[in-house]
Amino acid sequence: MSHPVHPAVVHFPVACWSLATLADVVGLFWAPPWLWQLAFVLTVLGCAFGLVAALAGFWELLKLPAEHPAGSTAHAHMGLALTSWCLYAGSALLRLPDQQPLPPDTWALALGGVGLLSLLATGWLGGKLVYGYGVGVTPREG
């Protein structure tokens, strides 16, 4: 398959984590129980999809020649993506004492908020890789 898988699957953790953070922020002002439960499920789904996206991204990184000018940006992108994953995984774990999901505490909310900032920076670097360096783009003939 010539099309990179990473760009096709990365939208799932981005959507899940972004919506989870939005649900948490809305939950600060309007807090029906289903809202924080939705945020928890979205956070966990984002972590699961994030592993798939990370594996696909790592596979693409292995195909990047060592001397490619995008190398440092690609490594920064990967580092920020893994940071985002860890922050959201930490947020999910803080919501799950005794294997029962609970409303998020201040730390869980903070990890989700910082996770979103990290996720935004990750996406910006991903855009730089594609649009700035042409990573994963098939050159046009002609």
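Which side chain does a polar contact of 3.2 Å join to that of Arg95? The partner is Ser91. Keep in mind that this is a predicted model, and let's start the tour at that arginine.

**Around Arg95**

Arg95 sits in the loop between helix 4 and helix 5. Its relative accessibility is just 1%, under the 20% cut-off, so Arg95 counts as buried. Besides the contact with Ser91, Arg95 has a charged partner: it makes a salt bridge with Asp24, with the closest N and O atoms 2.4 Å apart. Asp24 belongs to helix 2 while Arg95 is in the loop, so this bridge ties together parts of the chain that lie 71 residues apart in sequence. Asp24 is buried as well.

**The other salt bridge**

The structure has 2 salt bridges in total. Side chains of opposite charge can pair when their charged atoms come close. Next to the Arg95 story, the other case is a local affair: Lys63 and Glu60 are both in helix 3, 3 residues apart, which is about one turn of the helix. Here the closest N and O atoms are 3.4 Å apart. As for exposure, Lys63 comes out at 48% relative accessibility and counts as partly exposed. Glu60 is partly exposed too, at 22%.

Here are the two bridges side by side.

| Salt bridge | Closest N and O atoms | Where the residues lie |
|---|---|---|
| Arg95 and Asp24 | 2.4 Å | Arg95 in the loop between helix 4 and helix 5, Asp24 in helix 2 |
| Lys63 and Glu60 | 3.4 Å | Lys63 and Glu60 in helix 3 |

**Aromatic pairs**

Now for the rings. There are 3 aromatic pairs in the structure. One of them brings together Phe12 and Phe49: the ring centres are 5.2 Å apart and the planes meet at 35°, so the pair is tilted. It links distant parts of the chain, with Phe12 in helix 2 (residues 11-27) and Phe49 in helix 3 (residues 33-63), 37 residues apart. Phe12 has a relative accessible area of 43%, which makes it partly exposed, and Phe49 is also partly exposed, at 32%.

Trp17 and Tyr88 form another aromatic pair, this one stacked, with 4.8 Å from centre to centre and 5° between the planes. Since Trp17 is in helix 2 and Tyr88 in helix 4 (residues 71-94), the pair ties together parts that are 71 residues apart in sequence. Both of these residues are buried.

Back on helix 3, there is also Val52. At 45% relative accessibility, Val52 counts as partly exposed. Its C-alpha atom is 11 Å from that of His11, and the two residues are 41 apart along the chain.

**The largest pocket**

What is the volume of the largest pocket? It comes to about 1,100 Å³. The lining of this pocket is made up of 45 residues, and those nearest its centre are His6, Pro7, Gly57, His77 and Leu129. Helix 1 (6-9), helix 2, helix 3, helix 4 and helix 5 (106-132) each give at least two residues to the lining. Sorted by class, the lining has 26 nonpolar, 17 polar and 2 charged residues.

How values were computed
Residues numbered from 1 in each chain as written. Predicted model: local features only at pLDDT ≥ 70, side-chain atom pairs only at ≥ 80, totals over all residues. Heavy atoms only, no water. Phe/Tyr/Trp six-rings, centres within 6.5 Å; stacked < 30°, edge-to-face > 60°. Helix = DSSP H or I, 4+ residues; strand = E, 2+ residues; numbered from the N terminus. Buried < 20%, exposed > 50% of the residue type's maximum accessible area, 1.4 Å probe, protein only. 1 Å grid on protein atoms, 1.4 Å probe; cavity = no way out; pocket = protein on both sides within 12 Å on 5 of 7 lines; lining within 4 Å. Points joined across faces, edges and corners; volume = space filled by probe spheres on them. Nonpolar A, V, L, I, M, F, W, Y, C, P; charged D, E, K, R; others polar. Salt bridge = Lys/Arg side-chain N within 4 Å of Asp/Glu carboxyl O. Polar contact = N/O pair within 3.5 Å; in protein donor to acceptor, adjacent residues only side chain to side chain.
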